[in-house]
Amino acid sequence: MPGMLPGMLSPDHSLSKIARQVDAPRRAVDLVVIHCSASDSGKLLQQGEPGKPGHLNAPKVIDAWHAARGFKRDPKAVRSFSSSLPAIGYHYVIDINGTVWSGRALDEIGAHAQNFNARSVGICLIGGKEREARYTQAQWNSLREVVAMLLVEYGIASALPRRTVGKAYPQGYTMAGGVCGHRDLSPDGNGNGMVEPFEWLKTCPGFDVGAWLKRGMRPDPKHVFQETSK
Ligand SMILES: [Zn+2]
């Protein structure tokens, strides 16, 4: 059963209530890639004032960024899904209050991880400007829920991806299905089968996705944004 989320989920939605589009063709997906917007942690990403004309919320700001970089969704896809977001490269955007916004439809190939787009789903957490990113607990809760849903939806058996060096991908390795951070898709420069910090092209999403998975999709407290933290 193909998974399609409606335009927006409330932070406290339950998976059983998620509407699904039943007759769409299914894209083969075996990788979930986590990103960040590299904006201030715990701060709304927006332009203008809420409720006023011209206000852009987080997915619309990202859509504008991606449009400026030349990203463009298939017009047919735009007509049928997230029609106010003609450029966005991600499938989901997780706002600081935990709201999950849909970007591209799951069956649409994203634009978020070079060489890995065809087989992956891209999720963007708002924030993460620091090298050691901090996201709100509401964001962590939503991330866990969305990732868990995608693993079930696509039958991804192991959340922890494995790498095989020297295979088909231009980076010099193949990534077996699972969940990873954008930075984990950097080339394995020294060919030891691991992408180490010195090899990261970007630090996105600013936390160790593998460690988060091993903790049962619970964040290390140092990555949890507190209202009172500076
Ligand atoms: Zn990224």
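Asparagine 115 lies in the loop between E4 and E5, and its phi is near 75 degrees, a positive value in a residue other than glycine. The model described here is a predicted one. With 14 C-beta neighbours inside 10 Å, asparagine 115 counts as partly exposed, because a residue needs 20 or more such neighbours to be called buried.

**Other backbone features**

Methionine 217, which lies in the segment after H4, likewise has a positive phi, about 60 degrees, although it is not a glycine. Its 18 C-beta neighbours inside 10 Å mean that methionine 217 counts as partly exposed. Two glycines with positive phi follow helices: glycine 70 comes just after H1, and glycine 155 comes just after H3. The table gathers these residues with their phi values.

| Residue | Place | Phi |
|---|---|---|
| Glycine 70 | just after H1 | about 90 degrees |
| Asparagine 115 | loop between E4 and E5 | near 75 degrees |
| Glycine 155 | just after H3 | about 60 degrees |
| Methionine 217 | segment after H4 | about 60 degrees |

A further backbone feature concerns proline 205, which is found in the loop between E8 and H4. The peptide bond that leads from cysteine 204 to proline 205 is cis, and its omega is near 10 degrees.

**The chain as a whole**

The protein chain contains four helices and eight strands, and when these are read along the sequence they follow the pattern β-β-α-α-β-β-β-α-β-β-β-α. Of the 230 residues in the protein chain, 42% are buried. If one takes the contacts between residues at least 6 apart in sequence, 60% of them join residues at least 24 apart.

**Strand E5 and its partners**

The loop that holds asparagine 115 ends at E5, and this strand covers residues 120–125. Six of its six residues are buried, so E5 is largely enclosed by the rest of the structure. In a regular strand the side chains alternate between the two faces of the sheet. In E5, Ser120, Gly122 and Cys124 point one way, while Val121, Ile123 and Leu125 point the other way, and the residues of both sets are buried.

Which strands are joined to E5 by bridges? Strand E2, made of residues 31–36, runs parallel to E5 and is joined to it by six bridges; within this pairing, valine 33 has glycine 122 as its bridge partner. Strand E3, made of residues 92–94, also runs parallel to E5, and here three bridges make the connection. Tyrosine 92 has isoleucine 123 of E5 as its bridge partner.

**Valine 32 and the nonpolar core**

Valine 32 lies in strand E2 and counts as buried because it has 24 C-beta neighbours inside 10 Å. Although valine 32 and serine 120 are 88 residues apart along the chain, their C-alpha atoms are separated by 5.5 Å. When residues up to four places away in sequence are left out, valine 32 touches Ser120, Val121, Ile123, Val147, Leu150 and Val179.

Valine 32 also belongs to the largest nonpolar core, which has 47 residues; the residues with the most contacts inside this core are Val32, Tyr92, Val93, Ile94, Ile123 and Leu125. The elements that give two or more residues to the core are E2, H1, E3, E4, E5, helix H3 (137–153), strand E8 (178–181) and helix H4 (209–214).

**Helices H1 and H3**

Two of the helices that contribute to this core are H1 and H3. An α-helix has 3.6 residues a turn, so residues three or four places apart point the same way. In helix H1, which covers residues 58–68, the buried residues are Ala58, Pro59, Val61, Ile62, Asp63 and His66. Those buried residues pack against E3, E5 and strand E4, the last of which spans 100–102.

Helix H3 has 17 residues and reaches 24 Å from its first C-alpha to its last, which is close to the 24 Å expected at 1.5 Å a residue. In H3, Gln139, Trp140, Ser142, Leu143, Glu145, Val146, Val147 and Leu150 are buried. What covers these buried residues of H3? The covering elements include E2, E3, E4, E5 and E8. Two of the buried H3 residues, Val147 and Leu150, are also among the residues that valine 32 contacts.

Definitions and conventions. Residues numbered from 1 in each chain as written. Predicted model: local features only at pLDDT ≥ 70, side-chain atom pairs only at ≥ 80, totals over all residues. Buried ≥ 20, exposed ≤ 12 C-beta atoms within 10 Å, placed from the backbone. Pairing = 2+ DSSP bridges. Contact = placed C-beta atoms within 7 Å. Core = buried A, V, L, I, M, F, W, Y, C linked by C-beta atoms within 7 Å. Expected span 1.5 Å × (residues − 1).
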